[in-house]
Amino acid sequence: MLQEPILRYSRSYYLFFHPVSTSSGQVSLYKMPGPTTSPARTTKAAIQDPETKVISVQSRPTPTPTATQVLVKVDCTGVCASDLHLARRDLPYLQATVSIAGHEGVGRIAALGPEVDGSKWHVGDRVAIRWLHKVCKECEACTTGYENLCPNRKISGKDVEGCFAEYALADSTYLCRVPESVLDAEAAPILCAGVTVYKALKIAGLQKGAWVAIAGAGGGLGHLAIQYAKSMGYRALALDANKEDICTKLGAEAYIDVLTSKDCVADVVKATGGGAHCALVCASSGRAYADAVKYLRRAGKMVCIGLPPKPSPIPVLPEDFVGTGITIMGTSTGSLQDTDEALAFLARGEIKTHVQETTLAQVEDVLKAIEEGKVSGRAVIRI
Ligand SMILES: [Zn+2]
Ligand SMILES: [Zn+2]
């Protein structure tokens, strides 16, 4: 749990804002007015110095949307472990060429580029800034539902400036609409953490009633994985350290504390009556992967999500695959369609994000807290 003064408040379960459904569809509980004034000339942003790597809030000129881009006035943005990897530059394939991270932004269109389809997008529309800024829509990955794996993708916070800023750019040809019926802070974590675990469960292709072991279950990804698993008809087993409360409150049927358990593998096998059908490894821990190989039941599936900061090979031999029939796969974020579906769970009230609100000036403190495993749920910056 983050300590004051990083947080203005914590444990914000938004239990009381659920959309109302009617025969004609969902009705917004409230509608925020769109911006009526021109965008400010300057934008405050959490900018990383390319030399010192120190992140500080500075003002810079507000970017101008070109071609099909839109300028988004950001209201809230989540802080993801990928932002930490980008800031620390500890993963070879995630070396940022820009200085502003952030890819779980919720905001409203403040200006349109000259080639934006004006019949579809308007100033004031509520939209998302996501990990995937743009994909090519033409490659095999893009045309088979795996656009998140597009080799030509542009990533927010890596290839284009992200949304740890008052204003950020998105592309109208690949833009997610955020339902009016959900709050900014509760929608933000769905845009990366939520869609990632939702997609992980989709690709695992499990039977109803399957046991899903979630490593790192109390964190930004894991706390949503518990709820998606439950909503999709699976049984959730949570693994984490000192996070039993949040995990059981959110619906985990069993909780195993990785710090106090004498044998996590045996505990998972016992709690699941023979092993988990699926392991969602959200923890950035080599040990979490090593354990998962052992506690999967026959023909079980492991989905790799969390990235250990140091190279951590998964200890698995050909005979493990041959003898147990396990499958190991991985995923990151999801398609636009996946994101719409993941947001729909939130709009229906089946998923509740557990957020800790903070400010732009606290980005570095939040990154440190993520690094130390001290954030329960998701830290969300109110811009
Ligand atoms: Zn992310
Ligand atoms: Zn592509």
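## Burial and the basis of the model

A residue is termed buried when its relative accessible area is under 20%, calculated with a 1.4 Å probe over protein chains only. Cys142, at a relative accessible area of 11%, is therefore buried. The structure described here is a predicted model.

## The four-cysteine zinc site

Cys142 is one of the residues that coordinate the zinc ion (ligand 2). The full set of donors comprises the SG atoms of Cys136, Cys139, Cys142 and Cys150, at 2.3 Å. Along the chain these donors follow the spacing C-x2-C-x2-C-x7-C. Cys139 has a relative accessible area of 14%, so this residue is also buried.

What is the geometry of the site of the zinc ion (ligand 2)? The site is tetrahedral, with angles of 105 to 117° among its 4 donor atoms. For four tetrahedral donors, the ideal angle at a metal is 109.5 degrees.

## The Cys80, His103 and Cys192 zinc site

The zinc ion (ligand 1) has as protein donors Cys80 through SG, His103 through NE2 and Cys192 through SG, at distances of 2.0 to 2.2 Å. The sequence spacing of these donor residues is C-x22-H-x88-C. Distant parts of the chain are linked by Cys80 and Cys192, which are 112 residues apart. Cys80 belongs to the loop between strand 6 and helix 1 (81–88), whereas Cys192 belongs to the loop between helix 3 (184–187) and helix 4 (193–204).

Because the cut-off for burial is under 20%, Cys80 counts as buried with a relative accessible area of 6%. Cys192 is likewise buried, with a relative accessible area of 5%.

## Strands 6 and 11

Strand 6 (residues 69–78) runs antiparallel to strand 11, and 5 bridges join the two. Within this pairing, Leu71 has Leu169 of strand 11 as its bridge partner.

Strand 11 (residues 167–171) is mostly covered, with 5 of its 5 residues buried. In a regular strand, side chains alternate between the two faces of the sheet. Both faces of strand 11 are covered: Tyr167, Leu169 and Asp171 are buried on one side, and Ala168 and Ala170 are buried on the other.

## Helix 4

Helix 4 consists of 12 residues and spans 17 Å from its first C-alpha to its last, close to the 16 Å expected at 1.5 Å a residue. Gly205 follows helix 4 and has a positive phi, near 55°.

Of the 12 residues in helix 4, 10 are buried, and the helix is mostly covered. Among the buried residues are Ala193, Gly194, Val195, Tyr198, Lys199 and Ala204.

Conventions
Residues numbered from 1 in each chain as written. Chains lettered and ligands numbered in written order. Predicted model: local features only at pLDDT ≥ 70, side-chain atom pairs only at ≥ 80, totals over all residues. Heavy atoms only, no water. Donors = N, O, S within 2.8 Å, 3.2 Å for Na, K, Ca; no water. Tetrahedral: all angles 85-135°; square planar, octahedral: opposite > 155°, others 65-115°. Buried < 20%, exposed > 50% of the residue type's maximum accessible area, 1.4 Å probe, protein only. Helix = DSSP H or I, 4+ residues; strand = E, 2+ residues; numbered from the N terminus. Pairing = 2+ DSSP bridges. Expected span 1.5 Å × (residues − 1).
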